Amino acid sequence: MRKFWEGQPCVLYHIDRIESRYGNICIRGWVSDLDPEEKTECSVVDADGVTLPVYMERLVRADVNAAVHKPAGYESGIHILIDRAVLNTPYVWLTFTNGAKRQRVRLSVQTSGLKRAWKLRKAQRDAKKGMHGPSAHPEELDYDLWIRMKMPDARTKKAQSEAVFSHSVLFSVVIPLYNTPRRFLKEVIDSVLQQTYGRLELVLADGSTDPAVGAFIKKQYAKDRRVRYVKLVENRGISQNTNEAIRKTKGDFIVFADHDDVLAVDALYEMAKAIEAQPELDAIYTDEDKINRSGTAYFGPHFKPDFSMALLRCNNYICHLFAVRRDLLKKVGLLNPAYDGAQDYDFVLRCAEQAKAIGHIPKVLYHWRTHPASTAGNPASKEYAFEAGRRAVEAHYQRCGIAAQAEETAMRGRYRSHFAVLGTPLVSILIPNKDHVEDLQRCLTSIREKSTYANYEILIIENNSVEPETEEYYQKLLQEHPDGRLRILRYAGGFNYAAIHNFAVPQAKGEYLILLNNDTEVRSCGWIEELLGLCQQDGVGAVGAKLYYPDGTIQHAGVVLGLCGVASHLFIGADGEKDGYAGRLVSVQDYSAVTAACMMTRKAVYEQVAGMEETLAVAYNDIDYCMKLQAAGWHVLFTPYAELTHYESRSRGREDTEEKQRRFREEARRFVQRHEAELDAGDPYYNPNLSVTKTDCSLRMPWEREAWREFS
């Protein structure tokens, strides 16, 4: 494509294609910084000079990175969606800004469109056949196409409408209205009334100043007995208006929706199905995505994990669609106007504190409208909401009797909590070692220089070193620590990571243990306090740290069962400066497991579950330990605020011999035998719609299969 330059060149770029997709203009291509010290920002301006609200995503393009000599994880790809409803000019300016330099590209956006219906049908056929052809390839099968393939067809909708449930609950959908545009109003009401589950009522609380809103509802829906319209005397804000709607409900479950969004046609059916399977559920939430202003394109899906209180304290990831049992609502009370802007966050936190069980439906059942006034399309439109959210988190801690403070982070709507360390318990740091004095010295130096928590001891577990300088270094360390805060324990058996720790833990004096590899280096001050503040929380059995490769990319940010084999770290190789999918790289959260390359656990808990499984000598012993913790009722958390560099496999070497690979396969088989039920059920903290063959949280394609089954 011909390039049009304006201003000082600051990037290399190429526009691969411009397409029309379901009411959106889609621009795909790549861009590479000329100045690596500055980060390139990109915006879209129409021919009249108006900056357009767009959905923009940066993607890794391995082909481009190789050509322009960028790191493997550099996000050179660009994917931009422009809603046709906000586009009034025949061309736009794509503007790149890099420091003080700016470069503009003029692009024609009057495209004739594509034969998408044919492409959709072909992709559906290919996916059913398990084909990997162009129309079914992950790079081609984008989310808009993917979600349409998942929507129930006529036969499925008929079967859902005829389904009979023993727990035939009545759902009350409550929607506060305020000068809602007629088109949005009709779409949201129709999306409720067209549900395949029939036992529902819709309560609309109208605080509008525009009488046309009420007039339209009365004209279009007056004969539908499921619709209850409440005209409010005055607009009292979203919380009070919603509360008025709640007071008029009769349902067993109250379902919350916004006035300009859309429910999937099977949303209530899936909720009824979940209640049938788990009658004890007090609250339910679903996955969600975004739709453009004209309601013709789906994008930005949020595939959520099952319930994690730790993650909920970081941000309101539950959001939409949310339903709560009436009995629980009576306990926690209505929405609190003191938190307007984050009233739903405060409400969900109060529900989570008292709910017997919270269910998650891993299906996209809610479509969140994006336009300039919505927080979905423009987070800055409700700046006050972020402070209200922070106050909601702190109020939650006060109710729960937890000594913690919340602060806003650079990622708006996401919060970091600082948990007070209770007392000054002794922490024992356990470091297995065989030779590799340089690695061990770097590790110990970083502990000494970065640790701000003073009450710790270090246990070096010597395992058959053969180099004379290793023993010399040990003696030097002992001379430097005559107070006994550093000890050398000698394990004479062959290398067995699990057995080494089972040998050392009884000799540790600390109430808390940090299992630490000798090929790690502490990066963040306060790392012990971060781990300890979380590990002291009720129900927490282990906490893992955020580990980086030496080049700054991610080595560990939580372990997912069934990912890329038996289990794998999530976000391997991702840019360590990024937030990660749905902010997971910058959030404390539950995981099924974390790596013992740096993991804190309670000594009493370690002994309670009989330590590590020694038949897993090298691989999966830490994951197995975390699984045992969860089986005993303990939570396993990951924190991004305890950071270390991991020079992975430097001390033990890689699995690069036939003997090591045979041992690895045998330990994988043993792990699968021990946890086949959990693997078969799927990792609760990893959404089943996400890939099991890649670690970047990309869409799971129909042909993906779980590799762990080969060991079963």
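In this predicted model, the largest cavity holds about 50 Å³ of space, and a search of the whole structure finds one cavity of 30 Å³ or more. Rolling a probe the size of a water molecule over the atoms shows where empty space is left. The lining of the largest cavity is drawn from several stretches of the sequence, with H302, F303, K304, P305, L311, N315 and Y317 joined by R414 and by Y581, A582 and R584. Sorted by class, these lining residues comprise six that are nonpolar, two that are polar and three that are charged.

Considered as a whole, the chain has 19 helices and 30 strands. Its C-alpha atoms fill a box of roughly 90 × 65 × 50 Å when the box is taken along the principal axes. The radius of gyration of the chain is 28 Å, which agrees with the value near 27 Å that a compact globule of 712 residues would have. Of the 712 residues in the chain, 56% are buried. Among contacts with a separation of 6 or more, 74% are made by residues 24 or more positions apart.

The cysteines were considered next. The structure holds zero disulfides, a result that can be followed through two of the residues concerned. For C443, the closest cysteine sulfur is that of C598, and because the two sulfur atoms are 9.0 Å apart, they are too far from each other for a bond, given that a disulfide requires a pair of cysteine sulfur atoms within 2.5 Å. The sulfur of C535 likewise has its closest cysteine sulfur in C626, at 11 Å, and this distance is also too far for a bond. Both residues are shielded from the surroundings by the measure of accessible area, since C443 is buried with a relative accessible area of 0% and C535 is buried with a relative accessible area of 0%.

A further residue, L193, illustrates the surroundings of a single side chain. L193 lies in helix α5, which spans residues 182-193, and L193 counts as buried because its relative accessible area is 11%, where the limit for a buried residue is under 20%. When residues up to four places away in sequence are not counted, L193 touches L200, Y221, D224, R226 and V227. By contrast, L193 and C598 are 405 residues apart in sequence, and their C-alpha atoms are 52 Å apart in space.

Note on methods
Residues are numbered from 1 along each chain as its sequence is written. This is a predicted model: local features need pLDDT of at least 70, side-chain atom pairs count only at pLDDT 80 or more; totals for chains, interfaces and linings use all residues. Side-chain values use heavy atoms; hydrogens and water are left out. On a 1 Å grid over the protein atoms alone, a cavity is a set of points where a 1.4 Å probe fits but cannot get out, and a pocket is an open set with protein on both sides within 12 Å along at least five of seven lines; lining residues have an atom within 4 Å of a point. Grid points are joined across faces, edges and corners, and a volume is the space filled by probe spheres set on the points. Ala, Val, Leu, Ile, Met, Phe, Trp, Tyr, Cys and Pro count as nonpolar, Asp, Glu, Lys and Arg as charged, and the others, Gly among them, as polar. Buried means under 20% relative accessible area, exposed over 50%, partly exposed in between (1.4 Å probe, protein chains only). Helices (H or I, at least four residues) and strands (E, at least two) are DSSP runs, numbered from the N terminus. The radius of gyration is taken over C-alpha atoms; the globule rule is 2.2 Å times the number of residues to the power 0.38. Contact means heavy atoms within 4.5 Å.
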